[in-house]
Amino acid sequence: AVVSTQSTGERLNQVKREALAELEGKLRVEMEKRVVEAIAKTEAEAMEKLTAVKIDHDNEISRYKVAVQSEKDETERVRLKLEAEAHARVAAEDRLKDVKEEFKYFINSLPGHENSCYNAEYMIDR
């Protein structure tokens, strides 16, 4: 009877060890599953944050490009305006020179201009 009790006790211990090993295995699988899920969730959240940061960055770059292009356009507009003003000034100076020459010719063509107290240069300067 003692031999059979030990045998039953050993069998019970064996069954307990097997059940414990099976439980540990299931627990290990469940823990690994949870770890994998947690890693996947963390990766997904990180990707969402990175995507949001990239979108913000792209939007900022777009705003910067628009601002730069606007400044370039304004600079070009001002450059063209200054160029036109410089051209107009040169044309006006040329026209003034022509008018002075015409006036000088007109004064010098008047009869008796030699005796006049006003010569053409004096009159042009006035």
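The following exercises, each with a worked solution, deal with the helices, salt bridges and exposure of a predicted model.

**Exercise 1.** Find how many helices and strands the protein has, and state what share of its residues counts as buried.

*Solution.* Begin with the secondary structure, where the protein shows 2 helices and 0 strands. Then turn to exposure: of the 126 residues, 2% count as buried. Finally, consider the surface as a whole, of which the protein exposes about 11,600 Å², with carbon and sulfur atoms supplying 60% of that area.

**Exercise 2.** Decide whether the contact between Glu22 and Lys26 counts as a salt bridge, and describe where the two residues lie.

*Solution.* The first step is the distance, and the closest N and O atoms of Glu22 and Lys26 are 3.4 Å apart. Because the cut-off is within 4 Å for a side-chain nitrogen of Lys or Arg and a carboxyl oxygen of Asp or Glu, this pair forms a salt bridge. The second step is the position along the chain: both residues belong to helix H1, which covers residues 2–109, and since they are 4 residues apart there, about one helical turn separates them. The third step is exposure, for which the upper cut-off is 50% relative accessible area. Glu22, at 48%, is partly exposed, whereas Lys26, at 54%, is exposed.

**Exercise 3.** Describe the salt bridge between Lys54 and Asp58, and classify Asp58 as buried, partly exposed or exposed.

*Solution.* Start from the side chains of Lys54 and Asp58, which meet with an N to O distance of 2.9 Å. Next, place the pair in helix H1, where Lys54 and Asp58 are 4 residues apart and thus separated by about one helical turn. Lastly, take the relative accessibility of Asp58, which is 31%, so that this residue counts as partly exposed.

**Exercise 4.** Identify which residues are linked with Arg79 in a network of salt bridges, and examine the pair Glu83 and Arg79.

*Solution.* The network links Arg79 with Glu76 and Glu83. Within it, the side chains of Glu83 and Arg79 meet at 2.9 Å, N to O, and these residues, 4 apart in helix H1, are separated by about one helical turn. Glu83 is partly exposed at 48% relative accessible area, and Arg79 is partly exposed at 39%. To finish, set these bridges in context: a search of the whole structure finds 9 salt bridges.

Terms used:
Residues are numbered from 1 along each chain as its sequence is written. This is a predicted model: local features need pLDDT of at least 70, side-chain atom pairs count only at pLDDT 80 or more; totals for chains, interfaces and linings use all residues. Side-chain values use heavy atoms; hydrogens and water are left out. Buried means under 20% relative accessible area, exposed over 50%, partly exposed in between (1.4 Å probe, protein chains only). Accessible areas come from the Shrake-Rupley method with a 1.4 Å probe; for residues, only the protein chains shown count as cover.
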